[in-house]
Amino acid sequence: MKRDGYYTSGQFANMAHVTKKTLRYYDEHNILKPSVVLENGTRYYTDNDFARLQQIIFLKYLSFPLADIKELTVRSADRELWMESLKLQTNLLEEHIEQMTLMKRSLQEAQEAIAEGREVNWSDMLLLANSNEMEQKLKRQYINSSNISARISLHNDYSLNQEGWFPWLYRMTDLKPGERVLELGCGDGAFWLQNVSKLPENVDVLLTDISDGIVRETGKKLDGMAHFACRVMDAHYINAEDGSYDVVIANHMLFYCEDLGKVFAEIKRVLKPGGRLICSTYGATHMQEISNLVREFDDRIALSADVLYERFGKENGAEILKEYFGEVNWQQFEDGLLVTKPEPLVAYILSCHGNQNRYIVDKYHEFTAFVKKKTEKGFRITKDAGVFVATVEG
């Protein structure tokens, strides 16, 4: 007998225009499992399952491999995460349309050139040859955006410090009227969107990131706002004149750079005498409870392939910076997390750069139940973060 709000495998397959064989494959490979399985083997799906299936079909259309689809879809466990996922999918589709439009234009120009007896502009035609590379960039952008959103959401929703990281970080910049500011690794621009009303007069801000997709997305958010410009830039090769900026901001990004020495030399070069670098990082105890949590579930899990704070962190940052700058001061951000729901914590864990997905994705429901028990009375997490303020000697 059919339950209200539930669909049999056949009904569900017809709704989604897929085969029952496809549903069984997704079930067996832990990509999409039915909400209910009766003792007699009858499977029932819900509207939430249908929304998840639509996401899977969309990502397949964009040529995502099933391994990536499985990893991405298990994160969408509640309404807030679904909203964020749909937003990211919309952005990804817009990027895809933009790339297809460029490719169509190149084909049309090539046809016109041949018809008129002119030489084909083969530089433009390289867009076609690099179409696979474009797709890979779009996929990386989607995954990176999803990861960034998961991490920001956990901090925004469960931090004990009511001021919040971005307002506090803005205070640390101590921006003055007329200053020129360069941000390296701008991400989604949330820092500026939260603080735009506080900017002093005539401040000029250039947001940069190594990802062209992220720069385009951030540029759309800031479009029409005074003060801001966006540009693709590698922190190892800053495209700016010597002594052209008063402030350089690098928020939680320096420990990802391959050659820190080169990056700091470039930052020093583009800063004016007396200019300041505002760079945030972590200490050794930051979020350590999360690492302990996942190891308790499976001791093979490591949430990061690299220990980022050992490359550039609270403990060694001052020593590294003093090779390039004069005065160097550390400012601690006093905060912690008290997480009361499992889903945001699970999404954060899945967003990390380690091997966790190898051991969690296939046991997602088991892992979520494990985290739910840990968060029932509130799960406390240490935050050990802050900023170095380094000044160029006058």
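Colleague: Why is Glu 266 called buried?

Modeller: In this predicted model, Glu 266 has a relative accessible area of 15%, and buried means under 20%, so the value of 15% places Glu 266 in the buried class.

Colleague: Where does Glu 266 lie, and with which residues is Glu 266 in contact once its neighbours within four places in sequence are left aside?

Modeller: Glu 266 lies in helix α11, and, leaving aside neighbours within four places in sequence, it is in contact with Ala 235, His 236, Tyr 237 and Ile 238, where contact means heavy atoms within 4.5 Å.

Colleague: Which strands does helix α11 lie across, and at what angle does it run to β8?

Modeller: Helix α11, residues 260-270, lies across β4 (180-184), β7 and β8, and its direction is at about 140° to that of β8.

Colleague: What makes β7 and β8 a pair of strands?

Modeller: Two strands pair if at least two bridges are found between them, and β7 (residues 245-250) and β8 (residues 271-282) have 5 bridges in the parallel sense, so they satisfy that requirement; within these strands, Tyr 245 stands opposite Leu 271 in β8.

Colleague: What is the order of the strands in the open sheet, and how are they paired?

Modeller: The sheet has 7 strands in the order β6-β5-β4-β7-β8-β10-β9, with mixed pairing. What makes β6 (228-232) and β9 (328-339) its edge strands is that each pairs on one side only. Neighbouring strands of this sheet are turned by 20° against each other on average, with direction ignored. Helix α8, residues 165-173, packs on the sheet, where it touches β7, β8, β9 and β10 (379-391), and its direction makes about 20° with that of β10.

Colleague: Why is Ala 302 called partly exposed?

Modeller: Ala 302 has a relative accessible area of 35%, and since buried means under 20% and exposed means over 50%, the value of 35% falls in between, and Ala 302 is therefore partly exposed. Ala 302 lies in the loop between α12 (288-297) and α13 (308-311), and, apart from neighbours within four places in sequence, it is in contact with Gly 354, Asn 355 and Gln 356.

Colleague: How many of the residues of the protein count as buried?

Modeller: Of the 394 residues, 49% count as buried, in a protein that has 17 helices and 10 strands. Among the contacts with a separation of 6 or more, 77% are accounted for by residues 24 or more positions apart.

Note on methods. Residues numbered from 1 in each chain as written. Predicted model: local features only at pLDDT ≥ 70, side-chain atom pairs only at ≥ 80, totals over all residues. Heavy atoms only, no water. Helix = DSSP H or I, 4+ residues; strand = E, 2+ residues; numbered from the N terminus. Buried < 20%, exposed > 50% of the residue type's maximum accessible area, 1.4 Å probe, protein only. Axes fitted to C-alpha atoms, helices over the stretch in contact; angles between N-to-C directions.
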